[in-house]
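Reader: I'm new to reading protein models. Could you walk me through this one, question by question?

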Amino acid sequence: VFQGRILARRFVGQETRYEVEVKTPYRHRFPLVAREYLWVPNTCGCPPLREGDEYLLMARRHVNYERTLNRILLQDDGYARPWTPREDRLVREAARHC
């Protein structure tokens with residue numbers, strides 16, 4: 001779970017790749033750097049992430065069977081909400097209980 005600002009969007013094959021500036025990592029099981037690529041397994045624009053906007057994102061790490069691909073994946077059932085101070089407060093409160 002992290003707060004990020006969408007810097008760019010690019011379609012790669014049947015997927016969408018977003019370049020994201022990681023603002024605040026809240027909870028992560030794998031290391032995040034200041035800029036990451038976030039992959040969405042479709043090109044339909046779902047979830048609708050706009051360049052320049054900030055979001056609260058819940059993504060997972062995806063490693064293929066051959067261990068040659070390691071990326072951050074936002075699945076169809078993933079969490080992507082526009083970032084607000086209220087979202088920040090809710091995530092910090094939840095982190096204390098989890």
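Reader: Before the details, how much of the contact map links residues 24 or more positions apart?

Author: Sure, but a word on the ground rules: this is a predicted model, where local features need pLDDT of at least 70, side-chain atom pairs count only at pLDDT 80 or more, and totals for chains, interfaces and linings use all residues. Residues are numbered from 1 along each chain as its sequence is written, and side-chain values use heavy atoms, with hydrogens and water left out. A contact means heavy atoms within 4.5 Å. Among contacts in the protein chain with a separation of 6 or more, the share from residues 24 or more positions apart is 52%.

Reader: What pattern do the helices and strands follow along the sequence?

Author: Helices (H or I, at least four residues) and strands (E, at least two) are DSSP runs, numbered from the N terminus. The protein chain has one helix and seven strands. Read along the sequence, the order is β-β-β-β-β-β-β-α.

Reader: What radius of gyration does the protein chain have?

Author: The radius is taken over C-alpha atoms, and the globule rule is 2.2 Å times the number of residues to the power 0.38. For 98 residues, a compact globule would come out near 13 Å. The protein chain agrees with that, at 13 Å.

Reader: How much of the protein chain is buried?

Author: Buried means under 20% relative accessible area, exposed over 50%, and partly exposed in between (1.4 Å probe, protein chains only). Out of the 98 residues in the protein chain, the buried share is 30%.

Reader: Which side chain of opposite charge is nearest to Arg17?

Author: Lys and Arg count as positive and Asp and Glu as negative, while His and the chain ends are not counted. A salt bridge is a side-chain nitrogen of Lys or Arg within 4 Å of a carboxyl oxygen of Asp or Glu. Arg17 sits in strand 2 (residues 15-25), and Arg17 is buried yet has no salt bridge. The nearest side chain of opposite charge is 6.3 Å away, and that's Glu19.

Reader: Which residue does Glu19 form a salt bridge with?

Author: Side chains of opposite charge can pair when their charged atoms come close. For Glu19, the closest N and O atoms of the pair are 3.4 Å apart. The bridge links distant parts of the chain, going from strand 2 to strand 3 (residues 35-40), 16 residues apart. Glu19 is partly exposed at 24% relative accessibility, and the partner, exposed at 52%, is Arg35.

Reader: How far apart in sequence are the parts tied together by Lys23 and Glu54?

Author: These two form a salt bridge, with their closest N and O atoms 3.8 Å apart. Lys23 lies in strand 2 and Glu54 in strand 4, so the pair ties together parts whose separation in sequence is 31 residues.

Reader: Is Arg50, which pairs with Asp53, buried or exposed?

Author: The side chains of Arg50 and Asp53 meet in a salt bridge at 3.3 Å, N to O. Asp53 is partly exposed, at 26% relative accessibility. With a relative accessible area of 56%, Arg50 is exposed.

Reader: And how far apart in space are Met58 and Arg96?

Author: Met58 is in strand 4 (residues 54-58), and is partly exposed at 43% relative accessible area. Leaving aside neighbours within four places in sequence, Met58 is in contact with Val1, Leu74, Gly78 and Tyr79. Met58 and Arg96 are 38 residues apart in sequence, and their C-alpha to C-alpha distance is 17 Å.
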